[in-house]
Amino acid sequence: MRIGIMGAMNEEVAPLISDIKNRTQEDIGVRTYHSGLLYDKDVVVTASGWGKTASASAATTLLVHCGAEIIILFGVAGAASGELNIGDVIVAKDLIHHDLDPSPIFPKYQVPLLGMSRFETDTRLRNYAISAVKKFISSGIIEHSIDNPARFHITKPAIYQGLIASGDQFISSTDVLSQLRNVFPDIKCVEMEGASVAQVCYEHKIPLAVVKVISDKADKSAKTDFPLFLSKVISHYSRGIIQNFLDQL
Ligand code: ADE
């Protein structure tokens, strides 16, 4: 079985790409797709770029051109729920386009013609993701490998399962965040790719897992927390979590 793995940014998938054995690469459009054996599994890995169009395009290429039979989307997100801290991990149960508004022709947030607004991840893959994250957290890798985990107050990351809201918008405002919380009281985090990948997987009947690590609180500190987390911390999560995940397949 061929496994498609994608992140929005190079930093999210770079450690995985460098761990691929017998690596070959193919440029399709503006993206590079890296294939080979990752922790003994047949994979194809790419960085999509930011936003829903970029991620939908990359996911479609993974499925249609590269032959991926499942997809794992991995990366960072902004916390949308007050209980979350930087470093915590969200495994998506379902995903929604928070910026989709075809009203009054169709209901707000509903994808026209598909007639649905929430896209669920695959139950089996979701459970693998949860086990992978739990094993990773209990390994203590985070506390021991990050230069200064206290900068982000990361001690023992927590894991949550729930709703991820995606939109073509980097959120760095508590006002915008509280509007989103009012509309989606069960929201866990915000990011810019998940719902579009989930929609592509739904359309192609491809099982999907989404794992997101909180890089910022989507408030005014996000513009400094996000790049710091991306450059210093995310690589420690991607290798550990994805290896534990693939070990179960
Ligand atoms: N991804 C990581 N942090 C984010 C934020 N604050 N808004 C949107 N996407 C994000």
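Contact, as the word is used in these exercises, means heavy atoms within 4.5 Å. The structure is a predicted model, in which local features need pLDDT of at least 70 and side-chain atom pairs count only at pLDDT 80 or more, while totals for chains, interfaces and linings use all residues. Residues are numbered from 1 along each chain as its sequence is written, and side-chain values use heavy atoms, with hydrogens and water left out.

**Exercise 1. Place Leu 38 in the fold and list its contacts.**

Step one is the element: Leu 38 belongs to strand S3, residues 31-38, where strands (E, at least two residues) and helices (H or I, at least four) are DSSP runs numbered from the N terminus. Step two is burial: Leu 38 has 0% relative accessibility and therefore counts as buried, a class that means under 20% relative accessible area, with exposed over 50% and partly exposed in between (1.4 Å probe, protein chains only). Step three is the surroundings: once neighbours within four places in sequence are set aside, Leu 38 is in contact with Ile 5, Leu 16, Asp 19, Ile 20, Val 43, Ile 242 and Leu 246. Ser 18, which is 20 residues from Leu 38 in sequence, has its C-alpha 9.3 Å from that of Leu 38.

**Exercise 2. Check the span of helix H2 and name its buried residues.**

The expected span of a helix is 1.5 Å times one less than its number of residues. For the 13 residues of H2 (residues 52-64) this should give 18 Å, and because the end C-alpha atoms are 18 Å apart, the two values agree. The buried residues of H2 are Lys 52, Ala 54, Ser 55, Ala 58, Ala 59, Thr 61, Leu 62 and Leu 63.

**Exercise 3. Determine how many disulfides there are, and examine Cys 66 and Cys 201.**

A disulfide is taken as a pair of cysteine sulfur atoms within 2.5 Å, and by this rule the count is 0. Cys 66 is in no disulfide, the nearest cysteine sulfur being that of Cys 201, 13 Å away. Seen from the other side, the sulfur of Cys 201 has its closest cysteine sulfur in Cys 66, and the 13 Å between them is too far for a bond. As to accessibility, Cys 66 counts as buried because its value is 9%, and Cys 201 likewise counts as buried because its value is 3%.
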